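Here's a quick briefing on the pockets and helix packing in this structure. Have a look at the model first, then go through the points below.

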Amino acid sequence: MIDVKNLTKSFGSHVVLNNISQHIYPGEKVVVIGPSGSGKSTFLRCLNLLEEPTSGTITFDGVDITDPKVDINAVRRQMGMVFQHFNLFPNMNICDNITLAPVQTGLMKKDEAVEIAHALLKRVGLDDKADAYPAQLSGGQKQRIAIVRALAMKPKLMLFDEPTSALDPEMVGEVLNVMKQLADEGMTMVVVTHEMGFAREVGSRILFIDGGQVQEENSPEEFFSHPKNPRLQDFLSKVL
Amino acid sequence: MNVDQLYETLSQIPKTDLAMWQDVFLKFYRAWFAEDRWLNYFEGLVTTIEVTIIALIIGVVLGVLVAMIRTAHDQQRPGTHNFVLGFLNGISQVYVTIIRGTPMMVQLMIWGFVIFATSRNFTLVGALGLGVNSGAYVAEIIRGGLMSLDPGQMEAGRSLGLNYIQTMRFIVIPQAFKAILPSLGNEFIVLLKDTSLISVIAGKEIVYAARAIGARTYEYMFPFVITAIMYLIMVLIFSWLQGKLERRLRRSDRR
């Protein structure tokens with residue numbers, strides 16, 4: 001689905017991603033973990049070109065999206081993204097937050113979008129908040145709505161950039177549950193997270209990124225029970 | 001006894017024999033009632049309001065345009081460089097630098113005595129000069145507002161597949177507008193008060209009227225106090241309207 005070849009990203013002379021090649025298959029749930037500053041968020045943000053790669057190519061459904069001639073907006077419509085800080089639009093109520101993109105990009109008519117918004121909100125248990133503004137919601141509620149907002153575009157793939165890192169501990173569960181549900185429905189997901197329990201339970205493949213490179217990748221069982229890379233062993237001993 | 005009769009009576013008395021309040025009354029009468037001079041202030045007031053509105057429109061249009069060009073230029077995808085945008089950005093920077101780097105009054109004199117030296121329409125020239133001046137400040141205020149917004153908002157819009165213009169229009173600008181409203185209001189008050197400067201190029205607004213009346217009566221206190229009060233009332237009305245608008249825009253902040 002996504003093919004990453006020799007991806008390198010540097011900010012000035014600081015190399016954040018060093019020659020990463022990866023392939024993400026349809027239906028996979030790839031969980032990316034690593035210490036802070038390792039480049040895992042940058043890797044994720046390169047996948048929908050929020051960060052412009054310095055070199056290398058990213059191919060999505062056969063289209064090289066790093067080509068400047070590609071309509072990046074059309075590509076992004078097929079990839080949902082959920083941010084650490086939710087990034088809901090505070091000037092709009094929840095319903096408008098969700099329906100803005102589907103309507104403005106011409107994906108659907110307003111009433112169809114509203115219908116879908118309500119259906120998705122029901123699924124995450126927040127249908128009563130449709131007319132509320134983001135400032136009136138808790139962090140967990142905001143993040144569930146951010147997920148709904150991305151889903152309303154009917155994406156083929158969802159990117160999660162530390163979706164639970166900015167939440168109070170008691171709200172982490174409600175967001176992870178929504179993500180688990182989504183995973184069970186077969187959505188292709190790339191998740192950057194510090195939630196090891198989630199990685200073990202939901203991930204189909206786990207990448208450990210450190211120093212701008214994928215140091216180790218494996219199935220969750222192998223990854224957590226038999227880590228080979230010494231840095232990963234060290235990392236896991238600290239977080240588990 | 002009405003004011004005219006009172007004036008007639010008092011003006012017969014020699015100046016040295018007048019009580020304090022009588023002297024003040026005479027001065028005020030000459031500055032306001034005599035020869036229907038109060039009409040002159042209001043004619044000036046109308047000009048002031050006209051100039052403010054014209055300058056405001058020019059300032060906002062120029063300001064939005066320049067702010068858009070400069071922000072779009074700064075937010076280009078790294079590596080891409082649009083030549084037209086670069087050129088317009090250069091012009092915008094020169095414009096802002098010149099306007100902010102020179103005094104308002106000097107600019108007005110250049111407009112009035114150099115560029116439009118042959119024009120008799122001082123009011124319009126003044127409005128143009130003020131508008132072009134205000135545009136540079138408005139541009140910087142708007143640009144500051146657009147830049148101060150959390151970049152995550154732009155990223156969220158773009159990640160949903162909206163293009164740059166759509167994200168600006170629906171997400172960034174509405175929020176930036178709310179954030180810059182106080183400084184924008186402040187700039188409009190400055191503009192309103194700066195209209196008094198067009199009297200230096202013979203624009204016939206309130207200060208021009210007040211100076212003419214002072215020159216006729218040899219008494220400047222009341223003409224200028226009246227002028228000050230008129231400006232103050234206009235600014236108070238404007239501040240009140242601005243406060244109302246701000247409260248309306250704050251609806252989405254309620255918890």
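In this predicted model, the second largest pocket holds about 300 Å³ of space. Helix 3 (38-74), helix 8 and helix 10 (221-249) of chain B are the elements that each give two or more residues to its lining. Two of these, helix 8 and helix 10 of chain B, also pack against each other, with axes that come within 11 Å.

**Second largest pocket**
- The lining consists of B:Ile49, B:Thr52, B:Ile53, B:Leu56, B:Phe188, B:Ile189, B:Leu192, B:Met234, B:Ile237, B:Phe238 and B:Leu241.
- Sorted by class, that's ten nonpolar residues, one polar and no charged.

**Helix 8 against helix 10 in chain B**
- The axes of these two helices cross at roughly 170°, so the pair is roughly antiparallel, an angle over 145 degrees counting as such.
- On the helix 8 side, the contact is made by B:Phe177, B:Lys178, B:Leu181, B:Pro182, B:Gly185, B:Phe188, B:Ile189, B:Leu192 and B:Lys193.
- Helix 10 of chain B answers with B:Tyr231, B:Met234, B:Val235, B:Phe238, B:Ser239, B:Gln242, B:Leu245, B:Glu246 and B:Leu249.
- By class, this contact has twelve nonpolar, three polar and three charged residues.

**Largest pocket**
- About 880 Å³ of space lies in the largest pocket.
- Its lining has 31 residues, and B:Gln75, B:Gln76, B:Arg77, B:Met154 and B:Arg158 lie nearest the pocket centre.
- Both chains show up among the elements giving two or more residues to this lining: strand 1 (2-11) and helix 2 (72-76) come from chain A, while helix 6 (122-148), helix 7 (151-159) and helix 8 (164-194) come from chain B.
- Which element gives the most to the lining of the largest pocket? That's helix 7 of chain B, with four residues.
- The class split for this lining is 16 nonpolar, six polar and nine charged residues.

**Helix 3 against helix 4 in chain A**
- Helix 3 (residues 94-104) and helix 4 (residues 110-123) of chain A have axes that come within 9 Å and cross at roughly 130°.
- These two chain A helices are therefore oblique to each other, and their crossing is right-handed.
- A:Ile94, A:Cys95, A:Asp96, A:Ile98, A:Thr99, A:Pro102 and A:Val103 are the helix 3 residues in the contact, and they meet A:Lys110, A:Ala113, A:Val114, A:Ala117 and A:Leu121 of helix 4.
- Nine nonpolar, one polar and two charged residues make up that contact.

Notes:
Residues numbered from 1 in each chain as written. Chains lettered and ligands numbered in written order. Predicted model: local features only at pLDDT ≥ 70, side-chain atom pairs only at ≥ 80, totals over all residues. Heavy atoms only, no water. 1 Å grid on protein atoms, 1.4 Å probe; cavity = no way out; pocket = protein on both sides within 12 Å on 5 of 7 lines; lining within 4 Å. Points joined across faces, edges and corners; volume = space filled by probe spheres on them. Nonpolar A, V, L, I, M, F, W, Y, C, P; charged D, E, K, R; others polar. Axes fitted to C-alpha atoms, helices over the stretch in contact; angles between N-to-C directions. Parallel < 35°, antiparallel > 145°, perpendicular 65-115°, else oblique. Left-handed = near helix turned anticlockwise from the far one by under 90°. Contact = heavy atoms within 4.5 Å.
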